[in-house]
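Trainee: I am new to this structure and would like to understand the reasoning behind the words used for it. Could we go through it together?

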2 protein chains.
Amino acid sequence: MGLAGASRILLDITSRYDTLRTMSERKIALLGYALLGLLHQKPSSGYDLRKIFATTPMGGFSDSPGAIYPALQRLQQSGLIRARVEDRAGLRRRRVFSLSAAGVAALEKWLAGPVTRNDLMRHIDDLMLRFAFMDGVKGQAASLEFLKNFRKDLSAYIPELHGHLNALREHMTVSGRLALESGILSYETLLHWIKTSIVTYQKIKR
Amino acid sequence: MGLAGASRILLDITSRYDTLRTMSERKIALLGYALLGLLHQKPSSGYDLRKIFATTPMGGFSDSPGAIYPALQRLQQSGLIRARVEDRAGLRRRRVFSLSAAGVAALEKWLAGPVTRNDLMRHIDDLMLRFAFMDGVKGQAASLEFLKNFRKDLSAYIPELHGHLNALREHMTVSGRLALESGILSYETLLHWIKTSIVTYQKIKR
DNA sequence: TCACCCATGTAAAGTGTTACATGATTAG
DNA sequence: CTAATCATGTAACACTTTACATGGGTGA
């Protein structure tokens, strides 16, 4: 890529910062969506959710109380989840959260969003989290659609990465080149996974 | 995994939060190390660095000025980089940063750190960034050592992931299971990449 | 003169990390 | 009575995102 191309990209991004005026609805961080998705599966307490993050390979979210309890409070203040206090003989009271109708709507809206180039480049974990919840919230037909969009955009992106590699190859150290190749390889593996997953859904449908 | 195992893990993590008292040296965020590594390769201005993040597949760092300029200021305040102002006829003045001796030391110390289980689970991008800079800062022998440690820990971790998958498989939706499998697959691909990269370095050595 | 490029910054808001704090019950 | 488990929180600080602001130069 020439310098002109580089500048063009930087300009595009600069104007994106200037014009992308976010709308009235407050944004939800990825952790918030992870919590919404888990609460959609099953009403849970903050402690239950911490255990999930601590013991399963869920995305890589922090299980620290300083992340989860404030996030739950924000979701509750936004009216997306509600709490029921369980006063059980013996144990300390627990606060069990479940989704409100608005919470389900927010989750569905997030899942319905497009697969963007920006997601592909910087937020693959967002995309995988969305897919993980897709069956349970929007059904298998939606999951299949999502995978097809994912395949289309990723197929277009990978050749660009090879272009970068070829352009930069001469100026890099061995470890620098290998690191870049590792990134490309992981995208290629992902594309392969998408293709076999599409086949999995098509088999189920028949 | 039984409930006892789950609780044990949560406890371990809780005590990690309580005891890991960080030392006098201020911590540097990943972006800070990315900047140190790039400045080690070549003295650059904030604008140059933004262009790198905007136009190459570098990790997935933000190219926003609100991230980069404050990060450069922090590094400068910590004495890890210094600025030389270039007043060039024509263009606006630019501030070109380069590493101080302390900056080189901080970079080397970061690169020399161990490959931890926590890095493996939540911070693969840190590990890849460290490796990308390894050749240029500590030489190819260090890169090979790093890969061998990486291989050892990752080889031990992957079977655990399969264990999780088998334990959870029955209770998951199709998309949930596929998402988890995608994660495992990416670790397996990474391990394969590590092995071929080790061979690459061994060929160079001969 | 307008669009575009080069170049550097700041302010506000949101979020995450780290560390600390509390309280009740059960098993040994 | 002590450790471990269940369970919920807060405060300080650091960092990122988003948006805004500025200013000089070049080519059509």
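Trainee: Why is A:Ser197 called buried?

Mentor: Happy to explain! In this predicted model, A:Ser197 has a relative accessibility of 1%. Buried means under 20%, so A:Ser197 counts as buried.

Trainee: Where is A:Ser197 placed, and what does A:Ser197 touch?

Mentor: A:Ser197 lies in helix α9 of chain A, which covers residues 174-205. Leaving out residues up to four places away in sequence, A:Ser197 touches A:Leu147 and B:Leu178. The second of these belongs to chain B, which brings us to the contact between the chains.

Trainee: How many residues does each chain bring to that contact?

Mentor: Chain A brings 47 residues and chain B brings 47 residues. Between them the two chains bury about 3900 Å², with 67% of that on carbon and sulfur atoms.

Trainee: What makes the pair A:Arg122 and B:Asp63 a salt bridge?

Mentor: Good one! Their side chains meet at 3.1 Å, N to O. The cut-off is within 4 Å, so the pair qualifies as a salt bridge. Chain A and chain B have two salt bridges between them, along with 16 residue pairs in polar contact.

Trainee: Which element gives the most to the side of chain A that touches chain B?

Mentor: That is α9(A), with 14 residues. By class, this side of chain A has 26 nonpolar, 16 polar and five charged residues.

Note on methods
Residues are numbered from 1 along each chain as its sequence is written. Chains are lettered from A and ligands numbered from 1 in the order in which they are written. This is a predicted model: local features need pLDDT of at least 70, side-chain atom pairs count only at pLDDT 80 or more; totals for chains, interfaces and linings use all residues. Side-chain values use heavy atoms; hydrogens and water are left out. Helices (H or I, at least four residues) and strands (E, at least two) are DSSP runs, numbered from the N terminus. Buried means under 20% relative accessible area, exposed over 50%, partly exposed in between (1.4 Å probe, protein chains only). Contact means heavy atoms within 4.5 Å. Buried area is the accessible area (1.4 Å probe) that two parts lose on being put together, summed over both. A polar contact is a pair of N or O atoms within 3.5 Å; within protein, one must be able to donate a hydrogen and the other to accept it, and residues adjacent in sequence count only if both atoms are side-chain atoms. Ala, Val, Leu, Ile, Met, Phe, Trp, Tyr, Cys and Pro count as nonpolar, Asp, Glu, Lys and Arg as charged, and the others, Gly among them, as polar.
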